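Student: I would like to know how the terms used for a structure are justified. Could we go through them one by one?

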Amino acid sequence: MKAIVYQQFGGTDVLQLADQARPVIGPDQVLVRVKAFSINPMDWKIRQGKMKLMSGSKFPKYTGADFSGTIEKTGPAVTGLRKGDAVFGVVKNLMKQGVSAEYIAVPASLVWHKPAEITFSQAASIPVVGTAALAALQKMGTIHPGAEILVNGATGGFGMFLIQLLKQSGARITAVTSTHGVRFARSWGAHSVIDYTLENVLDRKSAYDIVIDLSGKMGYKTARQIMKEKAIFLNPTPKPIEIPGALIKNLFTSKKHIVILSNPSTKAIEQLLDAVNQGLQIEINKTFPFESFNEAYQYAERGGYVGKVTIEFNW
Ligand SMILES: NC(=O)c1ccc[n+]([C@@H]2O[C@H](COP(=O)([O-])OP(=O)(O)OC[C@H]3O[C@@H](n4cnc5c(N)ncnc54)[C@H](OP(=O)(O)O)[C@@H]3O)[C@@H](O)[C@H]2O)c1
């Protein structure tokens with residue numbers, strides 16, 4: 001089977017096409033014939049060697065974490081999934097495993113039936129960013145009506161889920177995005193939109209109850225300037241040192257710095273599928289054929305698009 005692998009850390013040029021044997025499944029695993037997988041910023045952070053502490057330095061490495069496809073084979077302990085079922089899912093260890101191959105072996109507990117109403121690319125875009133958005137909502141706790149929430153970097157995959165999930169909360173959402181994202185942020189439910197290419201969010205002199213930085217460019221220190229007393233800053237891109245550091249600093253300040261880690265689970269996926277059923281939009285900006293994987297990663301890493309970028313096999 002064909003697979004995308006890399007043998008060293010680096011840019012998109014280290015990604016190679018390889019010919020490999022199909023993986024063998026364990027008793028509680030399924031073999032999935034992959035149709036689509038989505039690109040997440042984590043893919044290139046790992047490939048560039050920026051997450052070595054968690055990813056380790058063992059090669060070859062695969063890329064991609066969430067996928068969709070059809071079940072090819074099930075292990076003897078698997079129930080509820082059958083050969084031919086259309087499914088989507090996520091790898092168990094996002095730091096050490098990848099889905100960039102024609103066939104993958106994954107635990108049945110992290111594979112779910114794909115609703116017929118969404119495409120394979122849309123389904124493959126749900127687990128990582130969808131469950132991260134739910135983790136963010138959970139960390140926000142009880143949201144009081146009228147609470148001011150700033151979503152910085154609002155129209156990537158994470159922001160797309162978060163804004164739409166926040167819509168029912170009664171909060172006032174301010175989204176920060178570049179020009180092409182403005183109309184999407186509004187249509188997803190943001191009450192106010194700041195185009196960061198025209199205006200600096202700090203210049204508004206507004207104060208927020210919750211600030212979440214999905215761009216990875218604001219940081220807690222800057223965010224403090226626009227946080228109310230007792231506000232929280234949510235950080236999905238912490239540097240390793242910030243994880244224990246935030247816990248300690250939070251003991252001495254009323255403006256809390258909280259780290260978010262996504263945790264894909266059946267409960268979270270069911271909640272997301274409910275939201276999709278009720279109209280949550282999954283915007284796919286561009287889908288590349290598998291053979292154009294290098295171009296796909298270059299495009300995704302350049303940024304400047306709304307929603308998700310995916311790669312699909314032609315079958
Ligand atoms: N902790 C976890 O479990 C977890 C899970 C999922 C994702 N994440 C992380 O969360 C972050 C967001 O994920 P994502 O998938 O949504 O990434 P993404 O699709 O790359 O979105 C990031 C957004 O930030 C915007 N942006 C760039 N520069 C900006 C600036 N100066 N000011 C405001 N916005 C700016 C980008 O817009 P333009 O491209 O238009 O500039 C883009 O839409 C990533 O760093 C990802 O690694 C963490």
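What follows is a series of questions about this predicted model, each answered by setting a value against its cut-off.

Student: What makes the chain agree with a compact globule?

Tutor: The radius of gyration does. A compact globule with 315 residues would have a value near 20 Å, and the chain has 20 Å, so the two agree. Along its principal axes the C-alpha trace spans about 60 × 40 × 35 Å.

Student: How many helices and strands are in the chain, and what share of the residues counts as buried?

Tutor: The chain has 10 helices and 15 strands. Of its 315 residues, 53% count as buried. The area that the chain exposes is about 14,900 Å², and carbon and sulfur atoms supply 51% of it.

Student: What share of the contacts joins residues at least 24 apart in sequence?

Tutor: Among contacts between residues at least 6 apart in sequence, the share is 68%.

Student: Why is Thr 131 called buried or exposed?

Tutor: Buried means under 20% relative accessible area. Thr 131 has 3% relative accessibility, so Thr 131 counts as buried. Thr 131 sits in helix α4.

Student: What does the side chain of Thr 131 reach, and how do you know that this is a polar contact?

Tutor: The side chain reaches the backbone oxygen of Pro 127 at 2.6 Å. The cut-off for a polar contact is 3.5 Å, so a distance of 2.6 Å qualifies. With neighbours within four places in sequence left aside, Thr 131 also has contacts that include Ile 126, Ser 262, Asn 263 and Leu 272.

Student: Why is Thr 12 called buried or exposed?

Tutor: The relative accessible area of Thr 12 is 13%, which is under 20%, so Thr 12 is buried. Thr 12 belongs to the loop between β1 (2-5) and β2 (16-19). Outside its neighbours within four places in sequence, Thr 12 is in contact with Arg 47, Asn 294, Tyr 297, Gln 298 and Glu 301.

Student: Why does Gly 146 get the label it has, with a relative accessible area of 43%?

Tutor: Partly exposed covers values between the buried limit of 20% and the exposed limit of 50%. Gly 146 has 43%, so Gly 146 is partly exposed. Gly 146 is in the loop between α4 and β8 (148-152). Not counting residues up to four places away in sequence, Gly 146 touches Gly 170, Ala 171 and Arg 172.

Student: How far is the C-alpha atom of Gly 146 from that of Thr 174?

Tutor: The two C-alpha atoms are separated by 12 Å, and the residues are 28 apart along the chain.

Student: Why is Lys 205 called buried or exposed?

Tutor: Exposed means over 50%, and Lys 205 has 71% relative accessibility, so Lys 205 counts as exposed. Lys 205 lies in the loop between β10 (192-195) and β11 (208-213). Although Lys 205 is not a glycine, its phi is positive, at about 60 degrees.

Student: What can be said of Lys 230?

Tutor: Lys 230 has a relative accessible area of 71%, which is over 50%, so Lys 230 is exposed. Phi of Lys 230 is positive, near 65 degrees, in a residue other than glycine. Lys 230 is found in strand β12 (residues 227-235).

Student: What makes the peptide bond between Phe 59 and Pro 60 cis?

Tutor: The omega angle of the bond joining Phe 59 and Pro 60 is about 0 degrees, and the bond is cis. Pro 60 is in the loop between α2 (52-55) and β4 (66-74).

Student: How do you know that the ligand has polar contacts with Lys 45, Gly 157 and Pro 236?

Tutor: Each distance is set against the limit of 3.5 Å. An oxygen atom of the ligand is 2.8 Å from an N or O atom in the side chain of Lys 45. An oxygen atom of the ligand is 3.2 Å from a polar backbone atom of Gly 157. A nitrogen atom of the ligand is 2.9 Å from a backbone N or O atom of Pro 236. These distances are within 3.5 Å, so they count as polar contacts. The protein covers 84% of the 920 Å² of accessible area that the ligand has on its own.

Student: Which residues come nearest to the ligand, and which helix gives the most to the shell?

Tutor: Ser 178, Tyr 196, Ile 260, Ser 262 and Gly 304 come nearest, of the 25 residues around the ligand. Helix α4 gives the most to the shell, with three residues. The shell divides into 11 nonpolar, 12 polar and two charged residues.

Definitions and conventions
Residues are numbered from 1 along each chain as its sequence is written. This is a predicted model: local features need pLDDT of at least 70, side-chain atom pairs count only at pLDDT 80 or more; totals for chains, interfaces and linings use all residues. Side-chain values use heavy atoms; hydrogens and water are left out. A residue is near a molecule or strand if one of its heavy atoms lies within 4 Å of it. A polar contact is a pair of N or O atoms within 3.5 Å; within protein, one must be able to donate a hydrogen and the other to accept it, and residues adjacent in sequence count only if both atoms are side-chain atoms. Accessible areas come from the Shrake-Rupley method with a 1.4 Å probe; for residues, only the protein chains shown count as cover. Helices (H or I, at least four residues) and strands (E, at least two) are DSSP runs, numbered from the N terminus. Ala, Val, Leu, Ile, Met, Phe, Trp, Tyr, Cys and Pro count as nonpolar, Asp, Glu, Lys and Arg as charged, and the others, Gly among them, as polar. Buried means under 20% relative accessible area, exposed over 50%, partly exposed in between (1.4 Å probe, protein chains only). Contact means heavy atoms within 4.5 Å. The radius of gyration is taken over C-alpha atoms; the globule rule is 2.2 Å times the number of residues to the power 0.38.
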